[in-house]
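Student: I have a model open and would like to learn how to read it. Where do we begin?

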Amino acid sequence: MDHYTVRKIIDRSMRIFAYLALIVALIPLFSIIGEVFLKGVSSVNINFFTQPSPTVGEAGGGVANAIQGTLITVGLASLIGVPLGLISGIFLSEYSEAKISSPIRFFNDVLSGFPSIVVGIFGYALIVRAIGFSVTAAAFALAIIMLPIVTRTTEEAMKLVPATVREAAIALGVPRWRTIVTVVLSGAKKGVATGILLAVARIAGESAPILVTMGYWRWWFAGLNQPVASLTLNIYIFAISPFENWQVLAWGSALVLVMLILGINIIVRAATREKYK
Amino acid sequence: MSYKFEIENLNAWFGSKHVLRDISMKIREKAVTAIIGPSGCGKTTLIRCINRMHEIGPNARVSGKVLFNGIDIYAADVDPVQIRRKMGMVFQKPNPFPMMSIYDNVAAGLKLNGMRNREKLDTVVERSLKMAILWDEVKDDLNKSGASLSGGQQQRLCIARALAVEPEVMLMDEPASALDPIATAKLEVLIRMLAKDYTVVIVTHNMQQAARAADFTAFLYLGELIEYGPTKALFENPENELTEKYITGQFG
Amino acid sequence: MSRLIDTGLEQLASMVFRMGEMAYKTVSLSLESYIEGINALAQVQDLSETLIVMADEAEDKAFELIARFQPVASDLRILKSYMKVIYDFERYGRYALDVSQVQRASGGLEQCERWINESIREMSEKVLNMVRTSIASLKSHNVELAKTLSETENQVDDMYFKYLDRLVEKAPATNKCTISSVLVARYLERIADHATYVGESIIYLATGEKVTLR
């Protein structure tokens, strides 16, 4: 065999190997989605979306209150975490020469590595001790988890905007703050949105901090100083319960969560696609 | 014949590096003045001192005066943002705003400073694109992305963008560096046309370009102004031997 | 640092110098033939024609350098000067040819009065020297040497007008000598003029100054 043939064989086998590796890597993802879909789709009906969690022994029931609760918790957390993260990220990117930037960046990285249960306990100590187990405490803890992610991805996205764009705006006589907010931010919006999405998806799936700041809740939203239901905790509680209808609801909750995250992904992608070709 | 700029004892530093040394020169209005010199001689720094862009850089410092219409732009009570609005700047690599359409690019300077009137913006965009000799090529689709144009067109787009805010001065930092010869030739014709209404200062490392397009030429070397005068005289019979050596290609 | 244009400039320079040598030869030959009464028209014609061809080639070379290298400053001045000098050298040859034609038509100085002989000899010597000087100062870009041409040109002018005066005064016997010597004197004076033009070009080349040496 000449060298060329050997090369061709090696090339082809490598390609096959790469495709195989890809398939193997995708197996967990698709099998999870598949399993959740299969097991959960049976529980999806009108009741599922309109009824709150069943009590012990009650038949049927749904996860309507858990959906409401998750949305409220995540929404509240984002209200706190996203603006803070945006501003920090913008500061770190645009004013990185300031002496305080290095320490901020360092602490941000440290914070992003904190175990979520620890953040939960912090939320417990600060908020729960003051006003009791509540959605406020949960949102607070989730915001802290969200913050470093948004900060870091915002900073990275802003940094990717080339310096020439900033220069062009400054040379036009646009003040620096306006340059940042209009030109640079809009150039980075895809990356920034992706970062926020990542953070939202992350906290939507958190369970440990919710456990120590809210706990399980069976009813609808009852005030900011009260807990709310959450899909993640529902999965936890219902899946290990002995009631079959609860287990079915657990799968359903898992399905909703997965669909929620998928949905957020798609929306953000669509909204930040290149409008001009 | 009056002077748009009178530069007096201008010095500039990057940290401890003394980049411009005691530059004094007067720049004529409604003429093209070229600044030439070998790499690192300070010509880009000089032009960026004119619209106070140099001081934005890290550890950048400036001393001396730059009189613009008789007023020192480095005086304590002068707002650099206002100064920059009166001077358009075009850079070496064309840099249209990537996520904006052609229309939005040209209108950027006005929109970002608050103008909303759609009719007015339309007029300004058309006028600026015509002045930049780009209107005919893009008028059919102003919503195309700015980045979809060719290099030469992008540069003219940047010129239109700068012209839209009605500056008095056009500063160009090696505007043709990234362009092919035909685009360069078109740009040079445009530069000469602009000089009828604007004061144009252009930095170029291409001596032939200075010889072709400029009324006055300044030769900088190692941060000092070596020679400055009408282009014809400088290229036919320079006074300084260093100038002679540089323009005949004996070093560079 | 050697540049692309340098080779071309050297080639052009040697072409111009060769032209100069040839022009000197031509002038010298034709003046001698007139003074001694020898018929050298054919030779001088040949030389003159060669000079025209050389001038064409040298001019072409100069244009090539301009088109290809866009020269400025001293390079440009050198080219401008050489192009003028090329024309002046060609003129040397042209006037030399004129002198030879006069010699062929009316004979030489050998049949003329002694005083005519002496005057013309003196003028020829001076003018031949000027041609020599113009070529030498071009070779070395010698401004001082070029400036001396001014003084010599004055002297030649002087000699020319004095000769004319004497002719009017003395009215020699035959018309032949009068007419031929006047023509030759006129050509000598023109050659001298062109020598000063060469000098002016040398000064411009070296200093950038435009002067008049006359």
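Tutor: Begin with domains. Domain bounds come from an automatic or database domain assignment. Keep in mind that this is a predicted model. For chain A, the assignment gives domain 1 (3–41) and domain 2 (48–271).

Student: How many Å separate the centres of domain 1 and domain 2 of chain A?

Tutor: The separation is 32 Å, taken over C-alpha atoms. Six residues from domain 1 of chain A meet five residues from domain 2 of chain A. On the domain 1 side, four of the residues are nonpolar, one is polar and one is charged.

Student: Now the sheet. How do I read strand order in chain B?

Tutor: Strands of a sheet pair through backbone hydrogen bonds, either parallel or antiparallel. In chain B, four strands form an open sheet, in the order E2-E1-E4-E5, with antiparallel pairing.

Student: Which strands of chain B stand at the edges?

Tutor: Strand E2 (17–28) and strand E5 (71–72) of chain B do. Each has a single partner strand, so one side of each is left without a neighbour in the sheet. Strand E4 (residues 60–68) of chain B pairs with E5(B) over two bridges, in the antiparallel sense. Look at B:Leu67: its bridge partner in E5(B) is B:Asp72.

Student: What packs on the sheet?

Tutor: Helix H1 (residues 43–50) of chain B packs there, touching E1, E2 and E4 of chain B. The direction of H1 makes about 60° with that of E2(B).

Student: And packed helices? What describes a pair of them?

Tutor: Two packed helices are described by the angle between their axes and the distance between the axes. Take helix H3 (residues 73–106) and helix H6 (residues 175–207) of chain C: their axes come within 9 Å and cross at roughly 170°. That makes H3(C) roughly antiparallel to H6(C), because angles over 145 degrees count as roughly antiparallel. The contact of H3(C) with H6(C) has 16 nonpolar, five polar and seven charged residues.

Student: Next, backbone angles. What should catch my eye?

Tutor: Most residues other than glycine have a negative phi. B:Asn9 has a phi near 50°, a positive value. B:Asn9 sits in strand E1 (residues 3–14) of chain B. B:Ile133 also has a positive phi, near 50°. The place of B:Ile133 is the loop between helix H4 (118–131) and helix H5 (135–138) of chain B.

Student: Is B:Asn9 buried or exposed?

Tutor: B:Asn9 is exposed, because 11 other C-beta atoms lie within 10 Å and the cut-off for exposed is 12 or fewer. B:Ile133 has 17 C-beta neighbours inside 10 Å and counts as partly exposed.

Student: Show me a buried residue.

Tutor: Try B:Phe235, in helix H9 (residues 231–236) of chain B. B:Phe235 is buried, with 23 other C-beta atoms within 10 Å.

Student: Which residues does B:Phe235 touch, not counting those up to four places away in sequence?

Tutor: B:Phe235 touches B:Ala211, B:Ile247, C:Val72 and C:Ala73.

Student: That brings in chain C. How do I read a contact between chains?

Tutor: Count the residues on each side. Nine residues from chain C meet 12 residues from chain B. The chain C side has four nonpolar, three polar and two charged residues. For chains A and B, 18 residues of chain A are in contact with 24 residues of chain B.

Student: Which helix of chain A gives the most to the side that touches chain B?

Tutor: H7(A), with six residues. The chain A side divides into nine nonpolar, five polar and four charged residues.

Definitions and conventions
Residues are numbered from 1 along each chain as its sequence is written. Chains are lettered from A and ligands numbered from 1 in the order in which they are written. This is a predicted model: local features need pLDDT of at least 70, side-chain atom pairs count only at pLDDT 80 or more; totals for chains, interfaces and linings use all residues. Axes are lines fitted to C-alpha atoms, for helices over the stretch in contact, and angles run from 0 to 180 degrees between N-to-C directions. Angles under 35 degrees count as roughly parallel, over 145 as roughly antiparallel, 65 to 115 as roughly perpendicular and the rest as oblique. Ala, Val, Leu, Ile, Met, Phe, Trp, Tyr, Cys and Pro count as nonpolar, Asp, Glu, Lys and Arg as charged, and the others, Gly among them, as polar. Two residues are in contact if their C-beta atoms, placed from the backbone, lie within 7 Å. A residue is buried if 20 or more other C-beta atoms lie within 10 Å of its own, exposed if 12 or fewer, and partly exposed in between; C-beta atoms are placed from the backbone. Two strands pair if DSSP finds at least two bridges between them.
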